[in-house]
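Ready for a short walk through a structure in your viewer? Load the model, switch to a cartoon view, and follow the selections below one stop at a time.

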Amino acid sequence: MKIGIIGTGLIGGSIALKLKEKNFAEFVYGIDQNEENLNKALELNIIDEKADLELGIKNSELIIISIPVDSAKKILPDVLDLINENQVVMDVGSTKSGIVDSIKNHLNRKRFVAFHPMWGTENSGPNAATKDSFTGKAAVICNKEESDENALEIVEQVIEALEMHPIYMNADVHDIHTAYISHISHITSYALANTVLEKEREEDTIFQLASSGFSSTVRLAKSHPEMWVPIFRQNKENVLDVLNEHISQLRKFKSALEKENFDYLEELIRNANKIRGILDK
């Protein structure tokens with residue numbers, strides 16, 4: 001199958017590498033406004049040829065949109081304008097409601113499948129792409145009833161080639177869940193990094209003492225704003241909802257310390273420990 005990848009960075013590059021390894025993709029066109037990314041993707045054998053949007057879509061049976069969600073929402077109608085009834089389009093965005101709403105009345109809507117691979121790192125660009133990134137991870141397909149059956153089958157084959165397991169859900173529900181399990185984690189990490197950067201002005205030894213616990217907690221703060229500002233914008237209401245709850249929880253810890261209510265502090269920590277039973281399943 002000939003595939004066009006719009007966006008040759010971390011996610012798009014990783015998908016291309018795995019699909020080529022599995023012989024699912026016999027030829028990959030790279031489409032990207034970032035010429036440096038295109039050249040690096042070609043050098044790393046992530047793509048086989050650079051192409052503009054029109055050429056890449058014309059020659060591809062499957063088109064994968066792997067760019068920030070604001071840009072994906074903007075370009076998707078144009079991509080659907082260029083395809084025929086035998087081509088399939090999928091995206092990889094981590095918000096879905098805005099994406100599906102943007103093309104709900106498009107004549108080629110049924111050739112599109114809304115997809116979200118539940119994996120990512122704080123790194124970016126083709127250099128960060130790895131072929132086994134998605135193995136064992138969840139692959140979310142949203143609003144599958146709005147896609148043609150054969151288009152859905154192609155994307156399910158992609159998921160199988162990526163060695164992921166599919167999950168089906170409504171786009172609105174997906175955005176609520178990702179606000180809780182992903183988006184709030186990034187905001188928390190950004191806030192913690194800013195907190196420490198403020199404090200570091202007074203205590204220059206703080207980073208010398210930083211443990212692996214701190215490093216893992218603040219790791220997501222390395223993620224680029226070009227990707228995450230659009231995500232927060234697209235999922236603003238859900239992110240605000242979970243952020244309000246998170247602030248409420250922080251206030252509980254603050255109050256327990258201020259009042260020296262260490263029994264309540266222990267209760268809060270023990271309640272938090274329940275997450276172990278969920279994550280260790």
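How many Å separate the centres of domain 1 and domain 2, taken over C-alpha atoms? The answer is 31 Å. Keep in mind as you go that this is a predicted model.

**Stop 1: the two domains**

Select residues 2-169 for domain 1 and residues 174-280 for domain 2, as the domain assignment gives them. Where the two meet, domain 1 contributes 17 residues to the contact and domain 2 contributes 16.

**Stop 2: the sheet**

Now bring up the open sheet of eight strands, whose pairing is mixed. Reading across, the strands run in the order E3-E2-E1-E4-E5-E6-E7-E8. At the edges you will find strand E3 (49-50) and strand E8 (165-169), each with pairing on one side only.

Next, pick residues 112-117 (strand E6) together with residues 138-142 (strand E7): the two are antiparallel and share four bridges. To see one residue pair in detail, select histidine 116, which has valine 140 in E7 as its bridge partner.

Then add helix H1, residues 10-21, which packs on the sheet. H1 touches strand E1 (2-6), strand E2 (27-31), strand E4 (62-65) and E6, and its direction makes about 165 degrees with that of E1.

**Stop 3: a pair of crossing helices**

Select helix H4 (residues 69-82) and helix H9 (residues 225-234). Their axes come within 7 Å and cross at roughly 70 degrees. Angles of 65 to 115 degrees count as roughly perpendicular, so H4 and H9 are roughly perpendicular to each other.

Show side chains here: from H4, Val69, Asp70 and Lys73 meet Pro230, Ile231, Arg233 and Gln234 from H9. Sorted by class, this contact holds three nonpolar, one polar and three charged residues.

**Stop 4: histidine 183**

Move to helix H7 (residues 171-199) and centre on histidine 183. Is histidine 183 buried or exposed? With a relative accessible area of 0%, histidine 183 is buried. Leaving aside residues up to four places away in sequence, its contacts are Ser94, Thr95, Thr178, Trp228, Ile231, Phe232, Asn235 and Val239.

**Stop 5: glutamate 237**

Finish in helix H10 (residues 236-258), where glutamate 237 is found. Glutamate 237 has a relative accessible area of 53% and is exposed, because the cut-off for that class is over 50%. For a last distance, pick the C-alpha atoms of glutamate 237 and threonine 178: they are separated by 12 Å, with the two positions 59 residues apart along the chain.

Key: Residues are numbered from 1 along each chain as its sequence is written. This is a predicted model: local features need pLDDT of at least 70, side-chain atom pairs count only at pLDDT 80 or more; totals for chains, interfaces and linings use all residues. Side-chain values use heavy atoms; hydrogens and water are left out. Two strands pair if DSSP finds at least two bridges between them. Contact means heavy atoms within 4.5 Å. Axes are lines fitted to C-alpha atoms, for helices over the stretch in contact, and angles run from 0 to 180 degrees between N-to-C directions. Angles under 35 degrees count as roughly parallel, over 145 as roughly antiparallel, 65 to 115 as roughly perpendicular and the rest as oblique. Ala, Val, Leu, Ile, Met, Phe, Trp, Tyr, Cys and Pro count as nonpolar, Asp, Glu, Lys and Arg as charged, and the others, Gly among them, as polar. Buried means under 20% relative accessible area, exposed over 50%, partly exposed in between (1.4 Å probe, protein chains only). Domain bounds come from an automatic or database domain assignment.
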